[in-house]
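Reader: I am new to this structure. I would like to ask why things are called what they are called.
Author: Go ahead. Here is what we will look at.

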Amino acid sequence: LLDFGCGDESFIKLLDKKLEIALYDISSKALVQAKSNLKEYNVKIYYELEDIPNDNFDYVVLSLVLMTIESREDILNILNKIYSFLNENGSLLIAITHPCFRNYVFSTFQTDYSKEV
């Protein structure tokens, strides 16, 4: 499983510690924090997008990432890149926040892409 845009890695703590897990985030600080938070997990951390192997993952998780991307073009580029990481039978899980919960981070976040929709 690859968690793309992993942040501090709260999501992975919900999963079985026996899983092989890979992490990527644009923020190296987030990756350092994730590594610290997941010491008891089997984790591979990718600090560079180019280092993530193609055709390798059964699952890619994209959780709370899309609403932070500024344009439709950037979203499409990221989704195409993620598709290349999946193996032939791989699946992508995308999770986004619902805008009605105004007391949570990203509830009022807008990008050029979200304004067009």
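Reader: Why is Thr97 called partly exposed?
Author: This is a predicted model, so the values are computed from it. Thr97 has a relative accessible area of 27%. Buried means under 20%, and exposed means over 50%. The value of 27% lies in between, so Thr97 is partly exposed.

Reader: Where is Thr97, and what is the C-alpha separation of Thr97 and Val65?
Author: Thr97 sits in the loop between β5 and α3 (112-116). The C-alpha atoms of Thr97 and Val65 are 9.4 Å apart. Along the chain, 32 residues separate the two.

Reader: What makes up the secondary structure of the chain?
Author: The chain has three helices and five strands. Along the sequence, they follow the pattern β-β-α-β-β-α-β-α.

Reader: How much of the chain counts as buried?
Author: The chain has 117 residues, and 30% of them count as buried.

Reader: What makes Leu31 buried or exposed?
Author: Leu31 has 0% relative accessibility. The cut-off for buried is under 20%, so Leu31 is buried. Leu31 belongs to helix α1. Its C-alpha atom lies 6.9 Å from that of Gly7. Those two residues are 24 apart along the chain.

Reader: And Leu86: is that residue buried or exposed?
Author: Leu86 comes to 9% relative accessibility. That is under 20%, so Leu86 counts as buried. Leu86 is part of strand β5. The C-alpha atoms of Leu86 and Leu2 are 9.1 Å apart, with their positions 84 residues apart along the chain.

Reader: How do you know that Glu40 and Lys17 form a salt bridge?
Author: Their closest N and O atoms are 3.0 Å apart. The limit is 4 Å between a side-chain nitrogen of Lys or Arg and a carboxyl oxygen of Asp or Glu. The value of 3.0 Å is within that limit, so the pair is a salt bridge. By this rule the count is one salt bridge.

Reader: Which parts of the chain does the pair link?
Author: The pair links distant parts, 23 residues apart. Glu40 is in the loop between α1 (28-37) and β3 (42-46). Lys17 is in the loop between β1 (2-4) and β2 (20-24).

Reader: Are Glu40 and Lys17 buried or exposed?
Author: Glu40 has a relative accessible area of 54%, so Glu40 is exposed by the cut-off of over 50%. Lys17 has 42%. That value falls between 20% and 50%, so Lys17 is partly exposed.

Reader: What makes the phi of Asp55 worth a note?
Author: Most residues other than glycine have a negative phi. Phi of Asp55 is near 55°, a positive value in a residue other than glycine. Asp55 lies in the loop between β3 and β4 (57-63). With a relative accessible area of 59%, over the 50% cut-off, Asp55 is exposed.

Reader: What is phi of Leu64, and where is the residue?
Author: Phi of Leu64 is near 60°, a positive value in a residue other than glycine. Leu64 is in the loop between β4 and α2 (72-85). Its relative accessibility is 39%, between the cut-offs of 20% and 50%, so Leu64 counts as partly exposed.

Reader: Which residues make the nonpolar surface patch?
Author: Leu92, Ile94 and Ile96 make the patch, which covers about 250 Å². Ile94 is in strand β5 (residues 86-95).

Reader: Why can Ile94 be in a patch?
Author: A patch residue needs over 30% relative accessible area. Ile94 has 37%, so Ile94 passes that cut-off. Ile94 is called partly exposed.

Reader: How much space lies in the largest pocket, and which residues are closest to its centre?
Author: About 470 Å³ of space lies there. The pocket is lined by 20 residues, and those closest to the centre are Phe4, Gly5, Cys6, Asp25 and Val65.

Reader: How does the lining of the largest pocket divide?
Author: The lining has 11 nonpolar, five polar and four charged residues.

Technical notes
Residues numbered from 1 in each chain as written. Predicted model: local features only at pLDDT ≥ 70, side-chain atom pairs only at ≥ 80, totals over all residues. Heavy atoms only, no water. 1 Å grid on protein atoms, 1.4 Å probe; cavity = no way out; pocket = protein on both sides within 12 Å on 5 of 7 lines; lining within 4 Å. Points joined across faces, edges and corners; volume = space filled by probe spheres on them. Nonpolar A, V, L, I, M, F, W, Y, C, P; charged D, E, K, R; others polar. Patch = residues over 30% accessible without salt bridge, like charges linked within 9 Å, V, L, I, M, F, W, Y side chains within 5 Å. Areas by Shrake-Rupley, 256 points an atom, 1.4 Å probe, with all protein chains shown as cover. Helix = DSSP H or I, 4+ residues; strand = E, 2+ residues; numbered from the N terminus. Buried < 20%, exposed > 50% of the residue type's maximum accessible area, 1.4 Å probe, protein only.
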